[in-house]
Amino acid sequence: MRSPPPAHCVDSVFPKNYVDKVKSIAKRYFRVYAHIFYSHLEVLRKSGIEKMFYDSLTYFLIFIDMYSLVPSTDLRPLASLVNIFPPKAQKYALAGEPI
């Protein structure tokens, strides 16, 4: 069920399918994260940027969860990774606090 847009967006210049396009883009970005994790994680480790990858993924997951951009069923490729994030990061929105 789609919630109505905020009042300041009702007469916006965005096309009507804007949210659907953003959801499609977010899903594609998630696939890129999954590909990097499964195919290039060793390269990230050797380069010393594995933590940066995890930080980026964490904030991306928070963003897509906050705006309901990717359904949880589409997060299954990285379910083992997503489930190890701290509970506060997983459900930040309920607390209304920054992580």
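**Questions on a predicted helical model**

Reader: Why is Lys51 called exposed?
Author: Its relative accessible area is 58%. The label needs over 50%. Lys51 therefore counts as exposed. Keep in mind that this is a predicted model.

Reader: What makes Asp55 and Lys51 a salt bridge?
Author: Their side chains meet at 2.9 Å, N to O. The cut-off is 4 Å between a Lys or Arg nitrogen and an Asp or Glu carboxyl oxygen. The pair therefore qualifies.

Reader: Where do these two partners sit relative to one another?
Author: Both lie in helix α2, 4 residues apart, which means that about one helical turn separates them. An α-helix has 3.6 residues a turn, so residues three or four places apart point the same way.

Reader: Is Asp55 buried, partly exposed or exposed, and what makes it so?
Author: Its relative accessibility is 33%. Buried needs under 20%, and exposed needs over 50%. Asp55 therefore counts as partly exposed.

Reader: Which residues does a salt-bridge network join?
Author: Glu42, Arg45 and Glu50 are joined into one network by salt bridges that share partners.

Reader: How do you know that Glu42 and Arg45 form a salt bridge?
Author: The N to O distance between their side chains is 3.7 Å. That is within the 4 Å limit, so the pair counts. These residues are 3 apart in helix α1, about one helical turn.

Reader: What makes Glu42 and Arg45 partly exposed?
Author: Glu42 has 45% relative accessibility. Arg45 has 42%. Both values fall between 20% and 50%, so both residues are called partly exposed.

Reader: How many salt bridges does the whole structure hold?
Author: A search finds 4. One of them joins the side chains of Lys27 and Asp74, at 3.2 Å from N to O.

Reader: Why does the Lys27 and Asp74 pair tie together separate parts of the chain?
Author: Lys27 lies in helix α1, whereas Asp74 is in the loop between α2 and α3. The partners are 47 residues apart in sequence, so the bridge links distant stretches of it.

Reader: Are Lys27 and Asp74 buried or exposed?
Author: Neither label fits, because both values lie between the two cut-offs, 20% and 50%. Lys27 has 29% and is partly exposed. Asp74 has 26% and is partly exposed.

Reader: Why is Ile64 called buried?
Author: Its relative accessibility is 2%. The limit for buried is under 20%, so Ile64 passes. Ile64 belongs to helix α2. Other buried residues of α2 include Phe53, Leu57, Phe60 and Leu61.

Reader: Which residues does Ile64 touch, leaving aside neighbours within four places in sequence?
Author: Ala26, Leu69, Val70 and Leu75. A contact needs heavy atoms within 4.5 Å. As for Phe30, 34 residues away along the chain, its C-alpha atom is 9.4 Å from that of Ile64.

Reader: Which members of the largest nonpolar core touch the most others?
Author: Leu57, Leu61, Ile64 and Leu78, out of 18 residues. Helices α1, α2 and α3 each supply at least two residues of this core. The largest share comes from α1, with 7 residues. In soluble globular proteins, nonpolar side chains tend to be buried together.

Reader: How do you know that the length of α2 agrees with that of a helix?
Author: Set the expected span against the model. At 1.5 Å a residue, its 17 residues should span 24 Å. The end C-alpha atoms are 24 Å apart, so the two agree. Just after α2, Ser68 takes a positive phi of about 50°.

Reader: What makes Phe14 eligible for a surface patch?
Author: Its relative accessible area is 48%, which makes it partly exposed. A patch member needs over 30% and no salt bridge. Phe14 forms a nonpolar patch with Tyr18 and Val19. Together they have about 270 Å² of accessible area. Phe14 is placed in the segment before α1.

Reader: What does the protein chain look like overall?
Author: It has 5 helices and 0 strands. Buried residues make up 24% of its 99 residues. The chain exposes about 7600 Å², with 62% of that supplied by carbon and sulfur atoms. Among contacts with a separation of 6 or more, 61% join residues 24 or more positions apart.

Notes: Residues numbered from 1 in each chain as written. Predicted model: local features only at pLDDT ≥ 70, side-chain atom pairs only at ≥ 80, totals over all residues. Heavy atoms only, no water. Patch = residues over 30% accessible without salt bridge, like charges linked within 9 Å, V, L, I, M, F, W, Y side chains within 5 Å. Areas by Shrake-Rupley, 256 points an atom, 1.4 Å probe, with all protein chains shown as cover. Buried < 20%, exposed > 50% of the residue type's maximum accessible area, 1.4 Å probe, protein only. Core = buried A, V, L, I, M, F, W, Y, C linked by side-chain atoms within 4.5 Å. Expected span 1.5 Å × (residues − 1).
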